[in-house]
Amino acid sequence: MQVKRYVYQGSTGGKIYAPLEMGARMIHGATPKFAKMLSHKYASMSAQDTLDDLSMNHGRSLSKKYLQQVSEAVS
């Protein structure tokens, strides 16, 4: 699903602020529930097994790096 959102950045550049993501408690673009599911699966399976499970059972294709980033942020 795509959602249009406003983002803000200072005039000198740098980090971008997205109020929608902050208000929704997004974790690297993942909802809290999806982030929890990813980290739980990754904690009990290898990265490749987790990615295979997500692809086969949930129709979600993710990169290994994204899985690691989200899981690290949750922990």
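Let me begin with one polar pair: a polar atom in the side chain of Thr50 lies 3.4 Å from the backbone oxygen of Lys41. The model in which this pair appears is a predicted one, and that should be kept in mind throughout.

Thr50 itself belongs to helix H3, which covers residues 47-58. Is Thr50 buried or exposed? Its relative accessibility is 0%, and therefore Thr50 counts as buried. As for its surroundings, once the neighbours within four places in sequence are set aside, Thr50 is in contact with Leu38, Lys41, Tyr42, Met45 and Leu67. Lys41 thus appears twice in this account, as a contact of Thr50 and as the residue whose backbone oxygen lies 3.4 Å from a polar atom of the Thr50 side chain.

I turn now to the chain as a whole. Its secondary structure consists of four helices and two strands. In what order do the elements run from the N terminus? The order is β-β-α-α-α-α.

With regard to dimensions, the C-alpha trace spans about 45 × 25 × 20 Å along its principal axes. The radius of gyration of the protein chain is 14 Å, whereas a compact globule of 75 residues would have one near 11 Å. Of the 75 residues in the chain, 20% are buried; Thr50, at 0% relative accessibility, counts as buried.

Two further values describe contacts and surface. Taking the contacts between residues at least 6 apart in sequence, 38% join residues at least 24 apart. The accessible surface of the chain comes to about 5,900 Å², and carbon and sulfur atoms account for 53% of that surface.

On charge, the chain carries 10 positive and 5 negative side chains. How far apart do the centres of the two sets lie? They lie 10 Å apart.

Let me next consider helix H2, which comprises residues 32-44. Pro32 lies in this helix, and because its relative accessibility is 28%, Pro32 counts as partly exposed. Pro32 and Ser63 are separated by 31 residues in sequence, and their C-alpha atoms are 18 Å apart in space.

Ser39 is also found in helix H2. Its relative accessibility is 16%, so Ser39 counts as buried; the cut-off for that class is under 20%. Not counting residues up to four places away in sequence, Ser39 touches Ser71 and Val74.

Another serine, Ser55, is located in helix H3. Which class does Ser55 fall into? At 39% relative accessibility, Ser55 counts as partly exposed. With neighbours within four places in sequence left aside, the contacts of Ser55 are Arg60 and Ser61. Helix H3 therefore holds both Thr50, which is buried at 0% relative accessibility, and Ser55, which is partly exposed at 39%.

The final residue is Gly29, in the loop that joins helix H1, residues 19-23, to H2. Gly29 has a relative accessibility of 46% and so counts as partly exposed. Between Gly29 and Tyr8 there is a separation of 21 residues in sequence and of 16 Å in space, C-alpha to C-alpha.

To close, I return to Thr50, a buried residue of helix H3 with Leu38 and Leu67 among its contacts beyond four places in sequence. Thank you for your attention.

Notes: Residues numbered from 1 in each chain as written. Predicted model: local features only at pLDDT ≥ 70, side-chain atom pairs only at ≥ 80, totals over all residues. Heavy atoms only, no water. Buried < 20%, exposed > 50% of the residue type's maximum accessible area, 1.4 Å probe, protein only. Polar contact = N/O pair within 3.5 Å; in protein donor to acceptor, adjacent residues only side chain to side chain. Contact = heavy atoms within 4.5 Å. Rg over C-alpha atoms; globule rule 2.2 N^0.38 Å. Areas by Shrake-Rupley, 256 points an atom, 1.4 Å probe, with all protein chains shown as cover. Lys, Arg positive; Asp, Glu negative; His and termini not counted. Charge placed at Lys NZ, Arg CZ, Asp CG, Glu CD.
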